[in-house]
Amino acid sequence: MTSRKIEILVGLFVAAAIAAFFMLAMQVSNMSSYGGGENYELSARFDNIGGLKVRSPVSAGGVTIGRVTGIQYNSESYEAVVVMAIETKYDKFPVDTAASIFTSGLLGEQFVGFEPGAEEEFLKQGDVIDLTQSALVLEQIIGQFLYSKADEEE
Amino acid sequence: MFSGLIDRVAHLGAATIHSFRRLGRGSVFLLEVIASCASLFTRPRLLIKQLYSVGVQTLIIIVVAGLFVGMVMALQSYYALIDFGAEDSVGVMVALSLMRELGPVVTALLFAGRAGSALTAEIGLMKATEQLSGMEMMAVNPMQRIVAPRFMAGVISMPLLATIFSAVGVIGAYLVAVELLGLDSGPFWSQPQNKVDLYLDLYNGIIKSVVFGVVATWIAVFEGYDCIPTSEGLGQATTRTVVHSSLAILFLDFVLTALMFTK
């Protein structure tokens, strides 16, 4: 085989690998959701975040508008502080917007859901959402249910 | 009776010393190879030629294997997940397992079998027919001329092959899940886009395949360079290449997974 042919085949091989990498990066991984969009940060305090994780989606009306970027525990107020990056194009959330932690499906992943309020002012970079509702923890609900059952029987 | 026992103990000791000696020789050899790799910058043509025989010629088996691994995984995970009504997760399951584990590992095992054994046999035969000593006589350093290009070609080819393997596997899974089993193509692509992380999954998979490439090629060229220059010794060296690199790959995969994917 001539060295010209070999060089062409090696070039095709490398090109195929690069194409495969781009296919995996763009089509299969979350690279496209990193893509270029500018974000602003909001935070919210919850009593209990359940199974929420960093990179969990933040959605409003079922549409993903951002992601959770950090979760800390505030040991003075005994609350979990969830930091979220919201895409800048969704910057018209009133200041009395409520943030709740929902579960997709019965046992699915947890996400933060926004329900817009009615104020005239909008949330901006660094604001804290006050109206929050914690995650429903299945064990607690079952526990409460059993207690109430036991009370009824007495 | 006692002398038989003592003989056995002595034999065990000799075998242990022998294997440690080989490990030491192998490590020194690896350093020598890395030092000789610098000379490749002045002679890229040698590298291109080896990239062809190590990388391009391994490509067909990688593509075929990747396609079928992806197809089988889609089929199996479909039957397991449909009981829970979670068959939409076939895409993310196949993509994650391919990028994290199967892509690098299966590619490395096939690579050790296809390219590693060929490297050992080639270099071993050069040693047996005294081509390597002939080169030294002509003041050509066989490390720079023979070993370094092959080593470097292996290290470069492995991540490329593993990436192609994963991509082809995902396409195979798509063919089975969407075209054959009739799943919706929306969740097949959108679930991985939500759950597969570019850095954590794709980049770590590539780091894994680079490590496997270094280890598999190192073992292959060392076994060839160090073999007993007879037809029997050459055969043993080729077998050892495949066995040792497969074991090393599986062991390292466990170590790397434990390091990368635990929080």
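## Exercises on a predicted two-chain model

The C-alpha centres of domain 1 and domain 2 of chain A lie 41 Å apart. Keep in mind throughout that this is a predicted model.

### Exercise 1: The layout of chain A

Task: Work out which residues form the two domains of chain A, and how the radius of gyration of chain A stands against that of a compact globule of 154 residues.

Solution.

Step 1. Begin with the domain assignment, which gives residues 1-32 as domain 1 and residues 39-143 as domain 2 of chain A. Their C-alpha centres are the two points separated by 41 Å.

Step 2. Next, list the secondary structure. Chain A holds 3 helices and 8 strands, and from the N terminus the order is α-α-β-β-β-β-β-β-β-β-α.

Step 3. Now look at the dimensions. Along the principal axes, the C-alpha atoms of chain A fill a box of roughly 90 × 45 × 30 Å. The radius of gyration of chain A is 23 Å, whereas a compact globule of 154 residues would have one near 15 Å.

Step 4. Finish with burial and contacts. Of the 154 residues in chain A, 21% are buried. Among contacts in chain A with a separation of 6 or more, 63% join residues 24 or more positions apart.

### Exercise 2: The layout of chain B

Task: Describe chain B in the same way, starting from how many helices and strands chain B has.

Solution.

Step 1. Count the elements: chain B has 8 helices and 0 strands. Read along the sequence, the pattern is therefore simply α-α-α-α-α-α-α-α.

Step 2. Take the box along the principal axes. For the C-alpha atoms of chain B it is roughly 65 × 60 × 35 Å.

Step 3. Turn to burial, where 44% of the 263 residues in chain B count as buried.

Step 4. Check the sequence range of the contacts. In chain B, residues 24 or more positions apart make 88% of the contacts with a separation of 6 or more.

### Exercise 3: Helix packing in chain B

Task: Find the angle at which α2(B) and α3(B) cross, the hand of that crossing, and then the angle at which α3(B) packs with α5(B).

Solution.

Step 1. Locate the first pair: α2 spans residues 44-81 and α3 spans residues 90-128 of chain B. Their axes come within 9 Å and cross at roughly 145°, and the crossing is right-handed.

Step 2. Identify the residues that meet. From α2(B) they include B:Val54, B:Ile61, B:Ile62, B:Val69 and B:Met73. From α3(B) they include B:Met93, B:Leu98, B:Leu102, B:Phe111 and B:Arg114. Sorted by class, the contact of α2(B) with α3(B) has 18 nonpolar, 5 polar and 1 charged residues.

Step 3. Move on to the second pair. α3(B) and α5(B) pack at an angle of about 145°, and their axes are 7 Å apart. This crossing is right-handed, and its contact comprises 21 nonpolar, 6 polar and 1 charged residues.

Step 4. Look at the loop that links α2 and α3 of chain B, where you will find B:Ala86. B:Ala86 has 15 other C-beta atoms within 10 Å, so this residue is partly exposed. From B:Ala86 to B:Leu198, the C-alpha atoms are 24 Å apart, with the two positions 112 residues apart in sequence.

### Exercise 4: Where the chains touch

Task: Establish how many residues each chain brings to the contact and which helix supplies the largest share on the side of chain B.

Solution.

Step 1. Count both sides: 24 residues come from chain B and 21 residues from chain A.

Step 2. Assign the chain B side to its elements. Helices α2, α3, α5 (142-180), α6 (185-195) and α7 (198-226) each supply at least two residues. The largest share, 7 residues, belongs to α2(B).

Step 3. Sort the chain B side by class, which gives 16 nonpolar, 5 polar and 3 charged residues.

### Exercise 5: Two positive phi values

Task: Are A:Tyr78 and B:Ala139 buried or exposed, and in which loops do A:Tyr78 and B:Ala139 lie?

Solution.

Step 1. Recall the background: most residues other than glycine have a negative phi.

Step 2. Consider A:Tyr78, which is not a glycine yet has a positive phi of about 55°. A:Tyr78 sits in the loop between β3 (63-74) and β4 (79-87) of chain A. A:Tyr78 counts as exposed because it has 9 C-beta neighbours inside 10 Å, and the cut-off for exposed is 12 or fewer.

Step 3. Treat B:Ala139 likewise. B:Ala139 is not a glycine either, and its phi is positive at about 65°. The loop is the one between α4 (131-137) and α5 of chain B. With 6 C-beta neighbours inside 10 Å, B:Ala139 is exposed.

Terms used: Residues are numbered from 1 along each chain as its sequence is written. Chains are lettered from A and ligands numbered from 1 in the order in which they are written. This is a predicted model: local features need pLDDT of at least 70, side-chain atom pairs count only at pLDDT 80 or more; totals for chains, interfaces and linings use all residues. Axes are lines fitted to C-alpha atoms, for helices over the stretch in contact, and angles run from 0 to 180 degrees between N-to-C directions. Helices (H or I, at least four residues) and strands (E, at least two) are DSSP runs, numbered from the N terminus. A crossing is left-handed if the near helix is turned anticlockwise from the far one by less than a right angle, and right-handed if clockwise. Two residues are in contact if their C-beta atoms, placed from the backbone, lie within 7 Å. Ala, Val, Leu, Ile, Met, Phe, Trp, Tyr, Cys and Pro count as nonpolar, Asp, Glu, Lys and Arg as charged, and the others, Gly among them, as polar. Domain bounds come from an automatic or database domain assignment. The radius of gyration is taken over C-alpha atoms; the globule rule is 2.2 Å times the number of residues to the power 0.38. A residue is buried if 20 or more other C-beta atoms lie within 10 Å of its own, exposed if 12 or fewer, and partly exposed in between; C-beta atoms are placed from the backbone.
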